Every structure is written in C-alpha cells, then in structure tokens.
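Work through the exercises below with the sequence and the model open. Each task is followed by a solution in steps.

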Amino acid sequence: MEQTSQILTKITCPHCWEIFSTDQTLYVSQHPELLGDPRLGPNAPLRFLPSRFRVDGAALDPNGFPSLQLACPCCHLAIPRSLFEMPSIFFSMIGAPGSGKSYFLAAMTWRLRQLLPQLFHLHLTDADPQVNLRLQEYESQQFLNPDPNCVVQLAKTETYGDLYDAVVREDQTIYYLRPFLFSLVPDRQHPLGEEAWRVARTLYLYDNAGESFLPGEDRATTPVTRHLALSKVIFVLFDPTQDVRFHRAMQALSGPSLEREKPAQVAGMVRQETLFIEAISRLRRYAGLGQHQKLPAKIIVVVTKQDVWGPLCPDLQRVPSEFWRYISSDLITKGSGASAGGNTAARGEDAVEKTAILRSSLVHTLSGKVEELLRKISPEFVSAIDGISGDAVYIPVSATGGNAVTDAQGRKGFRPKDIHPKWTEVPMLYAIATQLEGVIPHTLNLPH
Ligand SMILES: Nc1nc2c(ncn2[C@@H]2O[C@H](COP(=O)(O)OP(=O)(O)OP(=O)(O)O)[C@@H](O)[C@H]2O)c(=O)[nH]1
Ligand SMILES: [Mg+2]
Ligand SMILES: [Zn+2]
C-alpha cells in the first residue's frame, strides 16, 4: 500500500474489545529498569501516557527512552501499530471441540497468503508476527516442514495457558483470549489500489477452544467468546464425523470403513446445534440484541473433514477444486468490484485483459447440495441455522485432504507431504467478497 493517510480516532481493542479514543493510547517503556504495571504485574514493562515525543513519532518514557510500542488504555496489552491505520473487521469461528477449527484456520491462512496476491492483488500479512506466532507455527509444521515424512499434529486449543493473557482489573484476574491479527491490503494493481487506504482492513480472527462454547464457560473472568458480538462474519464449523448418523450413512455406503475421528475429551458428547444455539444466545446478550432482532453477522457454515464424508454427496466430485475463473476485464464495472484495466492478468495468446473473479454463484450451488445432505442427516443442526439466519451458506472443506495416520512410534497425525487442503480458502474469499464491497470481484455481483 502506498500511503496510510488515515489515522483512526477510535479503536476497538483486539484483546478486551473496549473502544477507546486513540489519544488515550498508552506506550510501553523499552527502558530495562522501568518495570511494573498495575494490570500486568511487576515484571511487565511500564505503560505510560506520553507527553513528550521525538520527531519520528516515538514517545519518550519518564527516563527519556524512546518507544514505539503501543498498548490499550483499558487492559494495557500491546497493540500493533497497523491497527491505528486501518479500520478493523471481526471474524469469529464457532465449533465443537475437535471439529477442526485450528486445522481449518492453518490451512485457510496458508492458502490465502498465496492466492490473494496472485489472484486478487490483495495481501494478507500478519499485523504483528508476534501476535500470530501460534498460527505461523501451525503453518510451518504442516506446510513448510523440512521433514515431509514426519507425523505432525496441531495441539488441541486449551481453555487455559499461554493462549490467554492475564490482566488484573478491579482486583479480579481476567483471562483474555489472544487474537490473530492480519492486515488485508490491496496492492497498486488492485482496481481500488489508488484508494488502498480506504479499502484496507485489519482483520481480527479468534480461534477458541471448543469447550469455551459450552454453557457456563464464558464468565466475567474468562470473557473468551465476546468477540462474537462484534463479528461481521461467523464461521460455524460443523463436523459430520461427530454425528453418529453420518457414520451409519457412510457404513451403508461402503461397509464399516470409517475410522471415527475421536472428539476431544468432553464429558458426554456435545450436540453441535446445542453449542451453536448457546453461542448465538451469548452473541445476542453481549450485543444487546432481542430474540427476534436480526443478527449483525453473516453465518457461513464450514462443513469440515470433507475428505471423510464427501462420498455421501457424489455431486461434490463434479465441483472444481478452484473457485475462481478469469473473465474479460471489461465485463466488470467499477460498482461490481473492479474496473476495466484494473485487476488484470494478461493470460492466453491473444493477451486480452483478464480479471480473476470469485465464482460466488458456484459457492451457492455447492451450498445448496451440502445443505440438502445435512438436512437429511442432521436436520436439527440445519433447523438451528435456519432459526438464526435466512441466508447462511454451507461450504465443505478438508484441511488435510485425508485422515490422520499413526507412525511406527504410535504418534497420530498427518505427514506434511500428504496434506492437501481442499476449498479451505473458499469461506474467507466468499466472506471478503460479500462483506467488503469491491475488494474481491465475484460472479453474483456481475452486471447482467
Ligand atoms: N480427516 C480429517 N481430519 C481432520 C481434518 N481437520 C482436522 N481433522 C482432525 O480433527 C482433529 C481435531 O482438529 P482441530 O483442528 O484440532 O479441532 P478444533 O476444533 O480446533 O478442536 P479444539 O481446539 O479442541 O476446540 C485433528 O486432530 C485431526 O485429526 C480434516 O480436514 N480431515
Ligand atoms: Mg483448536
Ligand atoms: Zn484492551
């Protein structure tokens, strides 16, 4: 992006979700002796509201040391600088323990980091590498592993430990879930590249432990799912392999072949629609919405582990693995997301200007087929979705492309060489295309 000419006056903290005015932003002292913070403990560097600055914008701490590190005035946790330059958009995931949230997230971001620049002249980068460290580790283990034959397993997301930051507020220790923060920025060749600063967003994304969606698991001291109230898009992960009726249907199809994915150790099996209904009622409570008020979020049902249950929906075999195509640039008008001569790729002998376009109409066709299958086999889940959203879409994905294997040492997991994600980028491409006007041109938006 050429310039970031806007500095926001208000920001939503990605940790505690309070909105604060940017002139209240604290700085974090870099001086080795200035330690101690009432919220973060005696070993945390001092937070201070600066009154002196250097010409380069660095704030001077009480000892005259410069600092560029910013922090929220409410929870005192560090906030990347880029959050002050672009408006934010919140995306959340809901899903039972073991439903595939973390695997999906890793495969999705890995795919998007490559596809977005190539196809749509968009760049998805870590707003702060430190904040996204966990996700980078997930991606490295699976997709950049120097040993493609070893067996890797992403850790279960826990409800405690170093995924959370402890903050003392009014004598209570509150545990905030660490967010993932990305910058989504168009480059110069994007049709809106000249106003990139207007289009660019910081994307806040949250990967909860599935247990956090169980009734009673979001408390004042562990407000770990309150991001839902702010979300523009909620990815609801549904894992058919956790439903015994899918197993029966699979067995009817192919004999007793399906190795059942073991759900995480939860006392009793959680019904996925129960968990979803609980999450949505929390969302309503936090957002102050009545029972019948429309949700501010778009619901995208991500149906995970498609490699396992895919045979139940033979139509899926005819769906292409790529959800984009190239069309002649002059078919796209500015209003639909791209102008002629903008997002172009000269492909083919005749060198006609071509633009990559997301096949959102194909997403809808696919959604119809998956919804139909779920309606037959897990009807109460689809009814729960219907009860909340009239325009949810259903997108099947496979984060791994196959089932887990067990190596000679008894370790269960996936060999990097055999991990081939399928469609994991589609939910996010669809979300961006439909929620951020003009950022990804798509077929449903083409002029007729
Ligand atoms: N066959 C298959 N198995 C998958 C896929 N994605 C995940 N799994 C399996 O499902 C298990 C759970 O996946 P996770 O991504 O850890 O689930 P989660 O929703 O993050 O679970 P919690 O962190 O416990 O809430 C993994 O250990 C994998 O074995 C997939 O695309 N295909
Ligand atoms: Mg997880
Ligand atoms: Zn905060």
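## Exercise 1: a residue in helix H5

Ile277 is partly exposed, with a relative accessible area of 43%. The model is a predicted one.

Task: Place Ile277 in the secondary structure and state how far its C-alpha atom lies from that of Ile385.

Solution.
- Step 1. Ile277 belongs to helix H5, which covers residues 272–287.
- Step 2. Along the chain, Ile277 and Ile385 are 108 residues apart, and their C-alpha atoms are separated by 8.5 Å.
- Step 3. For a second pair, take Asp315 and Leu133: these are 182 residues apart along the chain, with 38 Å between their C-alpha atoms.
- Step 4. Asp315 sits in the loop between helix H6 (306–309) and strand E19 (324–328). Asp315 is partly exposed, at a relative accessible area of 28%.

## Exercise 2: the zinc site

Task: Identify the protein donors of the zinc ion (ligand 3) and give the geometry of the site.

Solution.
- Step 1. The donor atoms are the SG atoms of Cys13, Cys16, Cys72 and Cys75, lying 2.3 Å from the zinc ion (ligand 3).
- Step 2. The angles among the four donor atoms are 105 to 115 degrees, and the site is tetrahedral. The ideal angle for four tetrahedral donors is 109.5 degrees.
- Step 3. Along the chain the donors of the zinc ion (ligand 3) have the spacing C-x2-C-x55-C-x2-C.
- Step 4. Cys16 is in the loop between strand E1 (10–12) and strand E2 (19–21), and Cys75 is in the loop between strand E9 (70–71) and strand E10 (78–79), so this pair ties together parts 59 residues apart in sequence.
- Step 5. Cys16 and Cys75 are buried. Cys13 has a relative accessible area of 0% and is buried; Cys72 is buried as well, at 0% relative accessibility.
- Step 6. A check on the sulfur atoms: the structure holds zero disulfides.

## Exercise 3: the magnesium site

Task: Name the protein donors of the magnesium ion (ligand 2) and say which parts of the chain the pair ties together.

Solution.
- Step 1. The protein donors are Ser102 through OG and Thr157 through OG1, lying 2.0 to 2.2 Å from the magnesium ion (ligand 2).
- Step 2. Ser102 lies in helix H1 (residues 101–120), while Thr157 is in the loop between helix H2 (133–143) and strand E13 (164–169); the pair therefore ties together parts that are 55 residues apart in sequence.
- Step 3. Ser102 is buried at 9% relative accessibility, and Thr157 is buried at 7%.
- Step 4. Water is not among the atoms, so the site may look incomplete.

## Exercise 4: the faces of helix H7

Task: Which residues of H7 are buried, and how are they arranged around the helix axis?

Solution.
- Step 1. H7 spans residues 360–377, 18 residues in total, and reaches 26 Å from its first C-alpha to its last, close to the 26 Å expected at 1.5 Å a residue.
- Step 2. The buried residues of H7 are Ser360, Leu362, Val363, Leu366, Ser367, Val370, Leu373, Leu374 and Ile377.
- Step 3. Viewed down the axis of H7, the buried residues fall within an arc of 135 degrees, so they line one face of the helix.
- Step 4. In an α-helix with 3.6 residues a turn, residues three or four places apart point the same way.
- Step 5. Glu372 and Lys376 are exposed residues on the face of H7 turned away from its buried side.

## Exercise 5: positive phi angles

Task: Are Trp17 and Glu170 buried or exposed?

Solution.
- Step 1. Trp17 has phi near 65 degrees, a positive value in a residue other than glycine. Glu170 also has positive phi, near 45 degrees.
- Step 2. Trp17 is in the loop between E1 and E2, and Glu170 is in the loop between E13 and strand E14 (172–177).
- Step 3. Buried means under 20% relative accessible area and exposed means over 50%.
- Step 4. At 11% relative accessibility Trp17 is therefore buried, whereas Glu170, at 78%, is exposed.

## Exercise 6: contacts of a buried residue

Task: Which residues does Gln142 touch, not counting residues up to four places away in sequence?

Solution.
- Step 1. Gln142 is in helix H2 and is buried, with a relative accessible area of 1%.
- Step 2. Gln142 touches Tyr103, Ala106, Val152, Leu154, Pro416 and Ile419, with residues up to four places away in sequence not counted.

Note on methods:
Residues numbered from 1 in each chain as written. Chains lettered and ligands numbered in written order. Predicted model: local features only at pLDDT ≥ 70, side-chain atom pairs only at ≥ 80, totals over all residues. Heavy atoms only, no water. Helix = DSSP H or I, 4+ residues; strand = E, 2+ residues; numbered from the N terminus. Expected span 1.5 Å × (residues − 1). Buried < 20%, exposed > 50% of the residue type's maximum accessible area, 1.4 Å probe, protein only. Arc of directions from axis to C-beta. Donors = N, O, S within 2.8 Å, 3.2 Å for Na, K, Ca; no water. Tetrahedral: all angles 85-135°; square planar, octahedral: opposite > 155°, others 65-115°. Disulfide = S-S within 2.5 Å. Contact = heavy atoms within 4.5 Å.
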